[in-house]
Amino acid sequence: MKFKSVEEILPMLEKIAQPMGIEIVDLECNDRAGALTVFIETEHGVDLDTCEKFHNAIFEPIDDVDPSYGEPYTLNVSSPGLDRPFKTPRDFERNLGKEVEIKLYAPLKGKKFLEGVLEEFDENTVTVAMANETVKLPRNKIAKINKAIKFE
C-alpha cells in the first residue's frame with residue numbers, strides 16, 4: 001500500500017486541529033501496516049478523550065483527501081509519548097528552560113548521553129546548561145533529543 005505525502009495530507013488535518021486547540025506534531029504513514037497515525041499535542045497534554053474527539057473530527061474529512069489512493073487503511077490518533085524526539089522548531093520552543101536528555105552519535109568528553117536544561121537552539125546548534133558547564137552542540141552530532149523523564 002502507498003500513502004500520499006505528508007504535505008498533501010497535513011493541511012486538511014491542521015485546518016481541523018487549530019480551532020480545537022490541537023497541534024499536529026507528527027504524521028506517520030506506515031505502508032506495510034496500512035496505517036496512518038496522527039500524533040497530536042495540546043497545551044495541557046493529550047488524553048484518550050482528546051484523541052477520540054480529534055479522530056471523530058477527521059474521520060470523514062480525511063477521506064476527501066484520499067490518503068491511501070482508495071485502498072482501505074487504519075486511521076490512528078495518538079499522543080506523541082513522553083520520550084518523543086524533538087523534530088520541529090516548535091518542539092524546541094515548547095521545551096526551552098526545561099530539562100532534556102541528549103543522545104550523541106559519538107562521545108563528547110567520553111559521554112554519549114547528556115542531561116541538562118535547554119537554553120537556546122537554532123537550525124544548527126543546541127545549547128544546554130549542565131551541572132557544571134554550558135555546552136553548545138552541533139545538531140548534526142545529536143542522535144536524539146527529548147524531554148527528560150523523571151520518576152519520583
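A search of the whole structure, which is a predicted model, finds 6 salt bridges. One of them brings together the side chains of Glu23 and Arg90, at 3.6 Å from N to O, and this pair links distant parts of the chain, with Glu23 in strand E1 (residues 23-30) and Arg90 in helix H4 (residues 89-94), 67 residues apart. The points below begin with these charged pairs and then turn to the chain as a whole, to its charged surface and to individual residues.

**Salt bridges**

- Glu23 counts as partly exposed because its relative accessibility is 24%, and its partner Arg90 is likewise classed as partly exposed, with a relative accessible area of 38%.
- A salt bridge also joins the side chains of Lys87 and Asp26, with a distance of 2.6 Å from N to O; here too the pair links distant parts of the chain, since Lys87 lies in the loop between E3 and H4 and Asp26 in strand E1, 61 residues apart.
- Lys87 has a relative accessibility of 47% and therefore counts as partly exposed.
- The side chains of Asp91 and Arg84 meet in a salt bridge at 2.8 Å, N to O, and in this pair both Asp91 and Arg84 are buried.
- Salt bridges connect Glu23, Arg84, Arg90, Asp91 and Arg94 into a network.

**The chain as a whole**

- The secondary structure of the protein chain comes to 4 helices and 8 strands, and read from the N terminus on, these elements follow the order α-β-β-α-α-β-α-β-β-β-β-β.
- Taken along the principal axes, the box filled by the C-alpha atoms of the protein chain has dimensions of roughly 55 × 30 × 30 Å.
- The protein chain has 152 residues, of which 36% count as buried, while the area that the chain exposes is about 9,600 Å², with carbon and sulfur atoms supplying 49% of it.
- When contacts in the protein chain between residues at least 6 apart in sequence are considered, 54% of them join residues at least 24 apart.

**Charge and the negative patch**

- The protein chain carries 20 positive and 29 negative charges, and the mean positions of these two sets are 7 Å apart.
- Glu119, Glu120, Asp122 and Glu123 form a negative surface patch.
- Within this patch, Glu123 is found in the loop between strand E5 (111-121) and strand E6 (125-129), and Glu123 counts as exposed because its relative accessibility is 68%.

**Helix H1**

- Pro11 has its place in helix H1 (residues 6-17) and, at 47% relative accessibility, counts as partly exposed.
- Although 51 residues separate Pro11 from Ile62 in sequence, the two are 11 Å apart in space, C-alpha to C-alpha.
- Ile16 is also found in helix H1, but in contrast to Pro11, which is partly exposed, Ile16 counts as buried because its relative accessibility is 19%.
- Leaving aside neighbours within four places in sequence, Ile16 is in contact with Phe54, Ala57, Ile58 and Pro61.
- Ile16 and Leu82 are 66 residues apart in sequence, and their C-alpha atoms are 24 Å apart in space.

**The loop between H3 and E3**

- Asp66 lies in the loop between helix H3 (61-65) and strand E3 (74-78), and its phi is near 50°, a positive value in a residue other than glycine.
- Tyr69 lies in the loop between H3 and E3 as well, and its phi, near 55°, is again a positive value in a residue other than glycine.
- Asp66 is partly exposed, with a relative accessible area of 29%, and Tyr69 is also partly exposed, with a relative accessible area of 45%.

**Strand E6**

- Thr125 lies in strand E6 and is classed as buried because its relative accessible area is 18%, where buried means under 20%.
- Not counting residues up to four places away in sequence, Thr125 touches Lys136, Leu137, Pro138 and Arg139.

How values were computed: Residues numbered from 1 in each chain as written. Predicted model: local features only at pLDDT ≥ 70, side-chain atom pairs only at ≥ 80, totals over all residues. Heavy atoms only, no water. Patch = residues over 30% accessible without salt bridge, like charges linked within 9 Å, V, L, I, M, F, W, Y side chains within 5 Å. Areas by Shrake-Rupley, 256 points an atom, 1.4 Å probe, with all protein chains shown as cover. Salt bridge = Lys/Arg side-chain N within 4 Å of Asp/Glu carboxyl O. Lys, Arg positive; Asp, Glu negative; His and termini not counted. Charge placed at Lys NZ, Arg CZ, Asp CG, Glu CD. Helix = DSSP H or I, 4+ residues; strand = E, 2+ residues; numbered from the N terminus. Buried < 20%, exposed > 50% of the residue type's maximum accessible area, 1.4 Å probe, protein only. Contact = heavy atoms within 4.5 Å.
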